[in-house]
Structure formats: C-alpha cells, structure tokens
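Colleague: Before I rely on any of the labels attached to this structure, I would like to go through the reasoning behind them with you. Could we take them one at a time?

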Amino acid sequence: MFSLLNLQSLLGLVVIVAVCWAISENRKAFPWRLTIGAILVQAGLVLALFAIPGSQAVLAAVTGAVDGLAVATTEGTKFVFGYLAGGDQPYTVSNQGALFTFAFQVLPLILVISALSALLWHWKILKWITLGFGFLFQKTMGLGGASALAVAANIFLGMIESPIVIRAYLDKLTRSEIFLMMVVGLATVAGSTMVAYATILSPVLPNAAGHVLVASIVSAPAGVLLARIIIPEKEGMGGAVADYDSALKYDSAIDAIVKGTSDGLMVVLNISAVLIVFVALVALVNVMLGGFVVFDAPLTVERMLGWIFAPVAWLIGVEWKDADVAGWLLGVKLTLTEFVAFIDLGKVPAAEMTERTRMLMTYALCGFANIGSVGITVTGLSVLMPERREEVLGMVWKGLFAGFLATLMTAAIVGAMPAAVFGL
C-alpha cells in the first residue's frame, strides 16, 4: 500500500527534475522520452533486484560474498599490521569497539577488491557484465555506444577508470557526452568502495551489501537523465559508435593482480589524504565557530549542514523527525566525502532513526559527488584529454551538483515504492 511518505518521495522526484530543468542550457529541449525511460529503468532495476521471486537469494549471496571478502582481507591485514588490525592483542582490551581503525579495517578492502576487479576484467567476466549494462542503457535511453559503455563501466569501476575503457573515443565525444560521463562518475561508486561501504553499514542495516550494489546501479540512469536535462545534446550530434573493444587491458592474470593492486593503492592514498585534509579543515572551521552559541549549543559546521539539508532529506521521503540528522549526513557527504557520512550513519543508534530513513540515506549517500572528487575528476580527465581541460573545468561544478542530485533521485525512487518491496 502507498502512504504519504511514498507521495513525499514522488514530490521530491519532481522537484529534482524541475531544478535541473531550471538551470538547463536549453530549457526547450527537455528530454521527455528519456525522463520517462530513465525513471522506468530505475524502478525496474529496483523491483528486479528486490521484488522478483529469488532476488533476495541473489542479494543474500552478494552479502555473503562481501562478508567473505572482508574476512579474507582481515587475514591479510592482520599478517602485515598484527594487533593494530585486530590480531592477537598484547594487552587486555576493555573496549573492543575502540579497536576499529578506518585505515586497517576498511581501506585494505579497496586494495583487495581493486585487484580482484582487474582480474575479473582480464578474465572478461566483469567486461561482459559491463557490456550487458551498456547495451541496456544504449537501447532504453538512446545513448551512443561509447557513452553507454562509459556509463555501464562507472557502475563497477572508478570515475577515472571508466573513461579509460573508452579512451579511443574520448576525442569524438560531444560536450554533452563529456558532461554526462562526469555526472555519472560522480553519481556512482567504484566496486572497490562498494564493499567498504557495505562493511561499514552491515552492523546496522540488514542486507547492506545488496542496498549499496543496487544504489550504484540505479544511480547510473539517474545521472544520465539529469546530465541530459542540464546540458542537452544538440540535434544531429553525439552518438559516437564504439566497437566495445576496451582500451583497458592486462597482459596476464598476474599483471592484472599487480596493476589492480597498484591502482587500488593510489585510491587508498587519495582517500586517506582527502579525508585527513577535509576533516581537519572542518575541525578548524568548528574552532572558529565555537564562540557562537545558537539554541544553547555551540555553532558547528555539522549543525549548519543539518539545517540547510533537512528540507532536502524530507523531499526524498525521510520523516521530518529524522530530517535534521539525515540533512546533516547529506552535508557531511558533500563536504567530507561519503566515507565519513557512511561511518556517521553507522554510528546513529537504531532508536534515533527509522529503518526506512537509514535505507534511504544509504542510497542518497552512495556516490562520489563530493567537493574532493571535483579535483580528482579534473585531474584525471585532464590527463586523458588535455586538449579539453578548459571544457572540463567549465562543467565540473555543474557536474558535482547533478551527481549529488542523482543520488537523491535514486533515494526518491526507492522511497516512492511500497515498503513491502524491501521487507519493511
């Protein structure tokens, strides 16, 4: 049965599309067919992955695989870091929870999954899955072959790795297609980080791995739609044809593992550096704001973000009593990355947030659309196509805005569906 919360999410869906239309470079070229098609694809994917008989078994298998990867990674991490990574403690531990260290419990997963992803790509398993999604997006949303392949690759690879898949076609892409690639990259997450997010949320969210996987898949068509609304394709342009022979190749299985590990290390270093700097900057701002007392409490960045984003959280279907916390999490995701936001979401006690809100926030937070990713996007694309660097710089902030809204759109789509679909 539908409820007022479902209608609330539908309202949020309309508002998100309307906001993108308001800032469109060509409001007369609103893509009606794409809008209907993208929403249907999103809804269809969610239903296929949650409502079809047998789908829960598939998601349970995904959760089991993630748990297995986490256990295996822990063994490797303990071998290198010993008691710092949860190995035998040389002293009596009175607070087991204090043993959790982000650098040792979460980041090593990225190394393992990055290497595994490269190996699966070399064995053509991940490649054929990507091609399947590319074909789906090409047929249902009218994308050119190169753009469809890049969008599909973004579901499993990073926002810089996916353009490498179509490197041979980058010079043929139109401005609208480059923007689309940027937005989808910011709206989705890499396979390596999916597992890390699921590990963080698994203690507080049933079937966390399934929700994170679905979030990244469903946000891809959302990113396509919002990108096309903001920078529509000019008639008669775009649609670069690709032969789907990827430029991302490895010489052997060992080469894939080694290069995948090396690429994962760069991701780990980037994430670590960005987190250190941005958390420190926010702490610095909080020190400066500490002298201001508002509503009997010191003013902080987190409190201000909660006030600003609370209405946004309500629009995607969050109950108003949870809106302050949910809005704060959205602000944390935008400024401090989704990693910090997921960790903070995992720390919210069950009594202070409904299961529906926790589920919706998982979808809303699951994307690379944060300020730190702007620099990564510009740097990565500038290396791949230096002649179009100015073009990328001119669109990247719009891309961040659209990518952020795309994850909200995904949450709104999920929120608009009956709670029974998700077993709530």
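Colleague: How do you know that the length of helix H5 (residues 107-122) agrees with its 16 residues?

Modeller: This is a predicted model, and the check runs on its C-alpha atoms: at 1.5 Å a residue, the 16 residues of H5 should span 22 Å, and because the end C-alpha atoms are 23 Å apart, the two values agree. The expected span takes 1.5 Å times one less than the number of residues. The buried residues of H5 include Leu109, Ile113 and Trp121.

Colleague: What makes lysine 124, which follows H5, stand out by its phi?

Modeller: Lysine 124 has a positive phi of about 70° although it is not a glycine. Most residues other than glycine have a negative phi. Lysine 124 belongs to the loop between H5 and helix H6 (125-141).

Colleague: Why is lysine 124 called partly exposed?

Modeller: Its relative accessible area is 44%, and because the partly exposed class lies between 20% and 50%, lysine 124 falls into that class.

Colleague: Which residue of helix H14 has a positive phi although it is not a glycine, and is that residue buried or exposed?

Modeller: That residue is threonine 337, with a phi of about 80°, and its place is in H14. At 7% relative accessibility, threonine 337 is under the 20% limit and so counts as buried.

Colleague: Why are H12 and H13 called roughly perpendicular?

Modeller: Helix H12 (residues 253-289) and helix H13 (residues 301-315) pack at an angle of about 95°, with their axes 9 Å apart. The class roughly perpendicular covers 65 to 115 degrees, and therefore the pair receives that name. In this packing, Val282, Val285, Asn286 and Leu289 of H12 meet Val301, Glu302 and Met304 of H13, a set made up of 5 nonpolar, 1 polar and 1 charged residues.

Colleague: Why is glycine 317 called buried, and what does it touch?

Modeller: Glycine 317 lies in the loop between H13 and helix H14 (320-347), and because its relative accessibility is 0%, against a limit of 20%, it counts as buried. Leaving aside neighbours within four places in sequence, glycine 317 is in contact with Leu5, Gln8, Ser9, Arg356 and Leu360. Arg356 and Leu360 are among the buried residues of H15.

Colleague: What makes helix H15 (residues 355-365) mostly covered?

Modeller: The description rests on a count, since 10 of the 11 residues of H15 are buried; among them are Met359, Met361 and Tyr363.

Colleague: How do you know that methionine 159 is buried?

Modeller: Methionine 159 sits in the loop between helix H7 (145-156) and helix H8 (161-165), and its relative accessible area of 13% is under 20%, so it is classed as buried. Its contacts, apart from neighbours within four places in sequence, include Leu186, Phe368 and Ile376.

Colleague: What puts glutamine 42 in the buried class?

Modeller: Glutamine 42 has 0% relative accessibility, and because the limit is 20%, it counts as buried. This residue is found in helix H2 (residues 32-50) and touches Val218, Pro221, Ala222, Met409, Thr410 and Ile413, not counting residues up to four places away in sequence.

Colleague: Which members of the largest nonpolar core touch the most other members?

Modeller: Of its 129 residues, these are Phe137, Ile166, Leu226, Leu330, Phe339 and Met361. A second, separate core of 7 residues includes Val66, Leu109, Ile113 and Ala198.

Methods
Residues are numbered from 1 along each chain as its sequence is written. This is a predicted model: local features need pLDDT of at least 70, side-chain atom pairs count only at pLDDT 80 or more; totals for chains, interfaces and linings use all residues. Side-chain values use heavy atoms; hydrogens and water are left out. A nonpolar core is a set of buried Ala, Val, Leu, Ile, Met, Phe, Trp, Tyr and Cys residues joined through side-chain atoms within 4.5 Å. Buried means under 20% relative accessible area, exposed over 50%, partly exposed in between (1.4 Å probe, protein chains only). Helices (H or I, at least four residues) and strands (E, at least two) are DSSP runs, numbered from the N terminus. Contact means heavy atoms within 4.5 Å. Axes are lines fitted to C-alpha atoms, for helices over the stretch in contact, and angles run from 0 to 180 degrees between N-to-C directions. Angles under 35 degrees count as roughly parallel, over 145 as roughly antiparallel, 65 to 115 as roughly perpendicular and the rest as oblique. Ala, Val, Leu, Ile, Met, Phe, Trp, Tyr, Cys and Pro count as nonpolar, Asp, Glu, Lys and Arg as charged, and the others, Gly among them, as polar.
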